[in-house]
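Work through the exercises below with the model open. Try each task before reading its solution.

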Amino acid sequence: MNFIKSSRLLLCNTPYSIRLPFARTYSSVPLAPAKKSFIPSKKVALVIGNDDYTIIPQLQSCVKDAKDVHSQLKSIGFEAELLTNANLRETKSALLRIADKRVPNDICLIYYSGHGIEYSGRGYLMADNGKTVFISDSCRTPTRPAPPLREGEEGIITAVPPHVSQFHLEFATSPNDIAWDGESANHNSLFTSYLLPLLTRRDLDLNSLFTVVRKNMEDAGIEQRPWTHHCMTTSVCLAADIQKLE
């Protein structure tokens, strides 16, 4: 029996939310060639997978998802940190570490697989000069009212970068819908299973990559539909080589 990832909050693995520290900062689908390509100075990533929960149902494939994504990102030149079954304090510390690694004109990617909740709240995800990519493989279904936030905490529901930011926000499913877990700990979730083979493709920028993911899932008769929000003015390829300094 598969558990559904209960709902979605971008980077949260406890009943409480966190605020991100980024003030610093197989398909034949025809694809249009990119007009302007971004050459990153550095590529950093934080990959999070949580299967173990105490109050809500356990998940099965999120840690495997994270390990496989982490491996793929390292193979294409990302300086990637893997975090599994982490609590709130560990997650916040990892976010601070990745913020400290950022440099101008970099690519910063955060991947999260696990439970989440979607409810009324505010949060700010900010980047300066570089390109920020968030991939959330979790549900987006509003459930029962969320627990009250602790004093000084803010919800992290929407990405509201400054006007100069370049960001891509990818959800595993559409608003108010579910994202399916894998059949077991040896299987990836639906979304990640379609994402993994494409991460190393040098001919796909972000928009093309997730267009192919959506098309392949649709062609397979899968109702779960990935959803994109982005504000990119250049073509960003995750497998792109890092700019070499002379």
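Helices here are DSSP runs of H or I with at least four residues, numbered from the N terminus. The model is a predicted one.

**Exercise 1. Find the residue with a positive phi just after helix 4, then describe the helix itself.**

Solution.
1. Look just past the end of helix 4: Gly221 has a positive phi of about 80°.
2. Helix 4 covers residues 206-219, 14 residues in total.
3. Check its span. From first C-alpha to last, helix 4 reaches 20 Å, close to the 20 Å expected at 1.5 Å a residue.
4. List its buried residues: Leu206, Ser208, Leu209, Phe210, Val212, Val213, Arg214, Asn216 and Met217.
5. Ask what they pack against. The partners are strand 5 (131-137), strand 6 (166-171), helix 3 (190-195) and strand 8 (227-231).

**Exercise 2. Lay out the elements of the chain and give the strand order of the open sheet.**

Solution.
1. Count the elements: the protein chain has 4 helices and 8 strands.
2. Read them from the N terminus: β-β-α-β-α-β-β-β-β-α-α-β.
3. The open sheet has 6 strands in the order 3-2-4-5-6-8, and its pairing is mixed.
4. Its edges are strand 3 (79-84) and strand 8, each paired on one side only.
5. From one strand to the next, the twist averages 10°.
6. Now place helix 4. It packs on the sheet and touches strand 5, strand 6 and strand 8. Its direction makes about 10° with that of strand 6.
7. Turn to strand 2 (residues 43-49). It runs parallel to strand 3, and 6 bridges join the two. One residue to locate is Leu46, whose bridge partner in strand 3 is Glu81.

**Exercise 3. Is His70 buried or exposed, and which residues does it touch?**

Solution.
1. Locate His70 in helix 1 (residues 62-75).
2. Apply the cut-off: buried means under 20% relative accessible area. His70 has 15% relative accessibility, so it counts as buried.
3. Leave out residues up to four places away in sequence. His70 then touches Val47, Ala80, Glu81 and Leu82.
4. Take Val47. It lies 23 residues from His70 along the chain, yet their C-alpha atoms are separated by 6.1 Å.
5. Take Ala80. The His70 side chain reaches its backbone oxygen at 3.0 Å.

**Exercise 4. What share of the residues is buried, and how much area does the chain expose?**

Solution.
1. The protein chain has 246 residues, and 50% of them count as buried.
2. The chain exposes about 11,700 Å².
3. Carbon and sulfur atoms supply 53% of that area.

Definitions and conventions:
Residues are numbered from 1 along each chain as its sequence is written. This is a predicted model: local features need pLDDT of at least 70, side-chain atom pairs count only at pLDDT 80 or more; totals for chains, interfaces and linings use all residues. Side-chain values use heavy atoms; hydrogens and water are left out. The expected span of a helix is 1.5 Å times one less than its number of residues. Buried means under 20% relative accessible area, exposed over 50%, partly exposed in between (1.4 Å probe, protein chains only). Contact means heavy atoms within 4.5 Å. Accessible areas come from the Shrake-Rupley method with a 1.4 Å probe; for residues, only the protein chains shown count as cover. Two strands pair if DSSP finds at least two bridges between them. Axes are lines fitted to C-alpha atoms, for helices over the stretch in contact, and angles run from 0 to 180 degrees between N-to-C directions. A polar contact is a pair of N or O atoms within 3.5 Å; within protein, one must be able to donate a hydrogen and the other to accept it, and residues adjacent in sequence count only if both atoms are side-chain atoms.
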